[in-house]
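Let's take a walk through this structure together, one neighbourhood at a time. Keep the 3D view open and turn it as you read.

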Amino acid sequence: MHLPAFSLNPLVRHSVEHPADALERHRNEPGTAHLLIAGDIPILRAGEPGTALLDAAGLSRAGELFEDVFLGTLEGRPVVATLASPSAADLYRDDPGFTVTDLRSVAVRGLVPPEELGLLATAKSVLDWHRRHRFCAVCGTRTVPAQSGFRRDCGSCGAQHFPRTDPVVIMLVARGEFCLLGRQSRFLPGMYSCLAGFLEPAETIEDAVRRETFEEAGVRVGAVRYHSSQPWPFPSSLMIGCIAEATSEELNVDREELEDARWFSRDEVKLMLAGRHPAGLSAPQPIAIAHHLLRAWCYAESP
Ligand SMILES: [Zn+2]
C-alpha cells in the first residue's frame with residue numbers, strides 16, 4: 001500500500017547532536033546534496049523520475065542565496081537545504097534539465113522518488129520558518145541562524161527560537177456503516193473529505209477531534225483512535241489522522257467552514273475511492289492522509 005505523500009523520509013536527522021559548525025563544513029563540500037527552494041518552489045533535476053538532490057553546479061545559477069540549513073545525512077552524504085528568492089525559479093524554468101513547480105504538484109505527479117518528498121517537506125518547512133521568523137518574537141530585534149540552521153538566536157535578549165510544527169487533527173468520524181464527510185467550496189467539484197482542524201493550545205488530540213466535529217457538523221464524538229500521521233509542509237503542519245466514533249447523527253453544518261457535510265455509506269465511499277461513484281462524487285487522492293483513513297475504514301487496513 002502506498003503511504004501518504006511526505007511520510008517516507010530516509011534522512012538521518014542528527015541536527016541537535018551536531019556541532020554548530022556542521023553547516024559551515026558541509027555547505028561547500030563536493031559530495032554534499034543540495035535541496036533548493038526558490039521562495040516556496042522546489043527546483044528539481046528533470047528525469048524519469050527526477051531528483052530533488054542537486055550538486056553544487058545545479059545550485060550555482062540560483063543567484064543570491066539566503067538561509068541554508070544542514071538537514072542531516074542521506075546514506076552518509078550531507079544534505080543542505082538552501083533558500084533562494086522566488087524570482088530564482090525563473091532562472092531554471094526554461095532549462096529542460098530542470099523541473100520547476102510547486103511541491104503539491106511534485107507529489108501529485110510523482111516527479112521525484114517518494115522518499116525525496118520527505119526531504120523536500122523538511123527543507124520547505126524549515127526554510128519557510130526562517131523566511132518568516134527573522135525577528136525575535138520577544139523583543140523585536142533581528143535574529144541570526146544558529147545550530148546549523150535549526151535555531152535562531154536573539155543577540156539582544158538572548159531568546160532562542162526553534163522551527164515550529166503546527167498540529168492538525170483530521171478524522172474519519174463513523175457511526176455503524178456510515179461515515180461523516182464534508183466539502184469546502186475550494187475543493188474540486190464533487191470531492192468530499194474528512195473533517196479537519198488545528199489543535200488549540202493545551203488541547204488533547206481527542207478533544208480537538210470532538211470539538212472540530214461538533215463545530216463543523218454538529219455531531220457528537222465519543223471514542224477517538226489514532227491511526228497515522230502525515231507531514232503537510234504548507235507550510236509546516238502535521239496531520240494527525242484519527243478514526244472516531246460518532247454518538248449522534250443529526251447534522252448542523254457550519255456553512256462558513258463547509259459547503260456541505262453528510263453521511264456516506266461504506267459502499268458509497270468504496271465507489272468514491274475507486275472513482276466509480278454513480279453521481280461522480282470523489283474522495284481525496286492517495287497523496288492525502290484522508291484517502292488512507294477512508295481506506296482503513298472501508299477495508300480494515302492498518303497503517
Ligand atoms: Zn529578543
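A good place to start is Leu54, which is buried, with a relative accessible area of just 1%. Please keep in mind throughout that you are looking at a predicted model. Leu54 sits in the loop between β2 and α2. What is Leu54 in contact with, once its neighbours within four places in sequence are left aside? The partners are Thr32, Ala33, His34, Leu36, Ile43, Leu44, Arg45 and Phe98. Leu258, by contrast, is 204 residues away from Leu54 in sequence, and the two C-alpha atoms are 41 Å apart in space.

The loop that holds Leu54 has another feature to look for. Glu48 and Pro49 are joined by a cis peptide bond, with omega at about -5°. Pro49 belongs to the loop between β2 (41–45) and α2 (56–60). A cis peptide bond also joins Phe234 and Pro235, here with an omega of about 0°. You will find Pro235 in the loop between β12 and β13.

Now let's turn to the metal site. Which residues coordinate the zinc ion? They are Cys136, Cys139, Cys154 and Cys157, each through its SG atom, at 2.3 to 2.4 Å. The angles among the 4 donor atoms run from 99 to 115°, and the site is tetrahedral. Along the sequence, the donor residues follow the spacing C-x2-C-x14-C-x2-C. Distant parts of the chain are linked in this way: Cys136 lies in the loop between α5 and β6, while Cys154 lies in strand β7, 18 residues apart. Are these two cysteines buried or exposed? Cys136 has 5% relative accessibility, so it counts as buried. Cys154 is buried as well, with a relative accessible area of 4%.

Strand β7 leads us from the zinc site into a sheet. This is an open sheet of 3 strands in the order β6-β7-β8, with antiparallel pairing. Its edge strands are β6 (143–146) and β8 (160–161), each of which pairs on one side only. As general background, strands of a sheet pair through backbone hydrogen bonds, either parallel or antiparallel. Here β6 and β7 run antiparallel and are joined by 4 bridges, and Thr143 stands opposite Cys154, the zinc ligand in β7. On the other side, β7 (residues 151–154) pairs with β8 in the antiparallel sense over 2 bridges. In that pairing, Arg152 stands opposite His161 in β8. Helix α5 (residues 114–132) packs on the sheet and touches β6, β7 and β8, its direction making about 20° with that of β7.

The turn between β6 and β7 deserves a pause. These two strands form a hairpin with 4 residues between them. Within this loop, Gln147 has a positive phi of about 50° although it is not a glycine. Ser148 lies in the loop between β6 and β7 too, and this residue, also not a glycine, has a positive phi of about 55°. Ser148 is buried, with a relative accessible area of 4%.

From here, let's move to the interior. In soluble globular proteins, nonpolar side chains tend to be buried together. In this model the largest nonpolar core has 53 residues, and Leu35, Leu71, Leu120, Leu172, Leu181, Val269 and Leu294 touch the most other members. Apart from it lies another core of 20 residues, including Ala208, Ile240, Ala244 and Trp263. To see one hub of the largest core up close, centre your view on Leu181. Not counting residues up to four places away in sequence, Leu181 touches Leu172, Tyr192, Ser193, Cys194, Asp260, Ala261, Arg262, Phe264, Val269, Met272 and Leu294.

Leu294 takes us to the last stop, helix α8 (residues 289–299), where 9 of the 11 residues are buried. Which residues of α8 are they? Ile289, Ala290, His291, His292, Leu293, Leu294, Ala296, Trp297 and Cys298 are the buried ones. What do they pack against? Their partners are the strands β9 (166–175), β10 (178–183), β12 (221–232), β13 (237–246) and β14 (260–265), together with helix α7 (266–273). Just after α8, Ala300 takes a positive phi of about 55°.

Conventions:
Residues are numbered from 1 along each chain as its sequence is written. This is a predicted model: local features need pLDDT of at least 70, side-chain atom pairs count only at pLDDT 80 or more; totals for chains, interfaces and linings use all residues. Side-chain values use heavy atoms; hydrogens and water are left out. A nonpolar core is a set of buried Ala, Val, Leu, Ile, Met, Phe, Trp, Tyr and Cys residues joined through side-chain atoms within 4.5 Å. Buried means under 20% relative accessible area, exposed over 50%, partly exposed in between (1.4 Å probe, protein chains only). Contact means heavy atoms within 4.5 Å. Two strands pair if DSSP finds at least two bridges between them. Axes are lines fitted to C-alpha atoms, for helices over the stretch in contact, and angles run from 0 to 180 degrees between N-to-C directions. Donors are N, O and S atoms within 2.8 Å of the metal (3.2 Å for Na, K and Ca); water is not among the atoms, so sites may look incomplete. Four donors count as tetrahedral if all angles lie between 85 and 135 degrees; four count as square planar and six as octahedral if opposite donors are over 155 degrees apart and all others between 65 and 115; anything else is irregular.
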